[in-house]
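Here are some notes to go with your first look at this structure. Have it open beside you as you read.

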Amino acid sequence: MGAYGAPFTRGPAQGVHDAVFARSFAIEGDGGGVIMAIVDLPGMGNQNTRAVRQKVAELTGLDEAQVLVGTTHSHSAPDLMGLWGGVPGDYRDFINDEIAHSMAAAWDARVPATLAVATVKAPNNNRRGWGFTDDDMTILDAKDLEGNRIGTLVNFAAHPVILGEDNKEISCDYVGYSVQKIEAALGAPASLFNGALGDATPKVPDGQYPDDFARAQAYGELLADIAIAAVETAEPVEGSLVWSHTEWEQGVDNLLFQIAAQLGILQFDFESMGLSQVVTTQSTYFRLGTQVQGVAFPGESLTRNGLAIKEVMKTPHKMILGNTGDALGYFIPSDEWQTGKNDNYEETVSLGKTAGDTARDKINALVTADNANF
């Protein structure tokens with residue numbers, strides 16, 4: 001299991017409370033298409049996401065940059081990053097293969113459809129003491145031309161950490177309860193992509209709960225109720241899709257990451273540059289009509305980093321798909337680096353001080369370039 005504690009300290013799962021999923025949502029419009037998969041894992045090393053993208057590109061004929069693989073960041077799920085001990089190789093390969101075939105199946109199943117979008121507010125907290133988060137929930141809702149719902153995608157930021165480190169059962173945390181209720185109410189597959197989740201945590205309704213699973217259910221179903229109601233207010237999206245992509249090298253200053261890479265336990269490819277290490281990461285930008293702009297963010301963006309990206313977007317509905325395309329820890333604005341917030345915890349699981357600013361600037365360049373087109 002991943003996401004809590006130092007490597008190898010938490011140990012293996014002792015059971016399965018609720019199954020983890022790969023859920024894929026494919027969109028094609030005038031100008032191109034993208035496939036977005038969300039997987040109930042803490043994260044995926046780039047060795048895994050690269051294998052998935054390559055397989056999906058082979059199966060669909062799409063460019064790898066059009067294949068967006070994200071993780072919900074559940075802290076009660078298997079470790080496909082390698083940072084906490086990893087998973088058996090055959091299980092890792094099985095998961096990668098299942099994700100790739102899920103994405104290809106979504107692409108193959110596409111039909112003429114209408115897409116609608118809504119953005120509303122939902123409750124979360126900021127654990128670094130800012131008093132604000134990115135509390136926008138954006139919903140994409142697809143129906144075929146006869147009005148039958150195809151699927152619903154929800155984008156909202158909150159760490160799946162209601163289940164604590166002492167939990168040894170595999171679970172999606174609150175995300176699973178949310179998705180299940182949305183699917184039951186709307187009658188079609190649903191998915192929930194986390195957003196700028198770096199310092200965003202759940203805001204569980206007040207009440208007496210027998211255990212953390214009940215707390216997770218209460219929060220997940222609260223978010224589901226908000227999403228279900230929002231679908232009724234969704235506005236149509238024009239039938240065009242624009243996308244672009246960028247890659248960049250980021251220095252790896254984190255000593256823990258450096259040692260783990262040298263020991264060969266990470267499922268990431270870090271490159272040695274003299275005495276230093278770097279990692280090549282990426283982001284894909286997409287625009288749906290003139291209503292929606294979105295980006296795949298390669299890790300856990302802190303609130304102020306995420307909002308700085310959304311501020312550049314022109315459309316009324318704005319999406320940040322967190323931990324998507326990569327899962328490289330926390331991305332912190334440099335002016336927030338080691339200022340004592342949350343006891344500087346996020347800094348201990350970050351590539352380094354420049355990572356947040358660099359990612360923000362690289363992604364904003366994609367957004368700005370397209371802003372001139374509409």
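1. Let's start with a network. Salt bridges link Arg127, Arg128, Arg304, Asp335, Glu336, Glu346 and Glu347 to one another as a network. Keep in mind that this is a predicted model. In total, the structure holds 19 salt bridges.

2. One pair worth zooming in on is arginine 128 with glutamate 346, a salt bridge whose closest N and O atoms are 2.6 Å apart. The two partners come from distant parts of the chain, 218 residues apart. You'll find arginine 128 in the loop between β6 (124–126) and β7 (136–144), while glutamate 346 sits in helix α7 (residues 345–348). Are these two buried or exposed? Both arginine 128 and glutamate 346 turn out to be buried.

3. Next, have a look at aspartate 370 and arginine 287, which form a salt bridge with 2.6 Å between the closest N and O atoms. Aspartate 370 belongs to helix α8 (residues 355–371) and arginine 287 to strand β15 (residues 276–288), so this pair ties together parts that lie 83 residues apart in sequence. Aspartate 370 is buried, and arginine 287 is buried too.

4. Now for a pair within one helix. Aspartate 212 makes a salt bridge with arginine 215, and here the closest N and O atoms are 3.7 Å apart. Why are these two separated by about one helical turn? Because they are three residues apart in helix α4 (residues 212–231). As a general point, side chains of opposite charge can pair when their charged atoms come close. Aspartate 212 is partly exposed, its relative accessible area being 29%. For arginine 215 the relative accessible area is 29%, so that residue counts as partly exposed.

5. Last stop: a glycine. Where is glycine 322? Look in the loop between β18 (317–321) and β19 (330–331). With a relative accessible area of 0%, glycine 322 is buried, because the cut-off for that label is under 20%.

6. Which residues is glycine 322 in contact with, leaving aside its neighbours within four places in sequence? They are Thr71, Asn194, Gly195, Leu197, Phe297 and Gly299. If you'd like a distance to check on screen, try lysine 203: the C-alpha atoms of glycine 322 and lysine 203 are separated by 19 Å, and the two residues are 119 residues apart along the chain.

How values were computed. Residues numbered from 1 in each chain as written. Predicted model: local features only at pLDDT ≥ 70, side-chain atom pairs only at ≥ 80, totals over all residues. Heavy atoms only, no water. Helix = DSSP H or I, 4+ residues; strand = E, 2+ residues; numbered from the N terminus. Buried < 20%, exposed > 50% of the residue type's maximum accessible area, 1.4 Å probe, protein only. Contact = heavy atoms within 4.5 Å. Salt bridge = Lys/Arg side-chain N within 4 Å of Asp/Glu carboxyl O.
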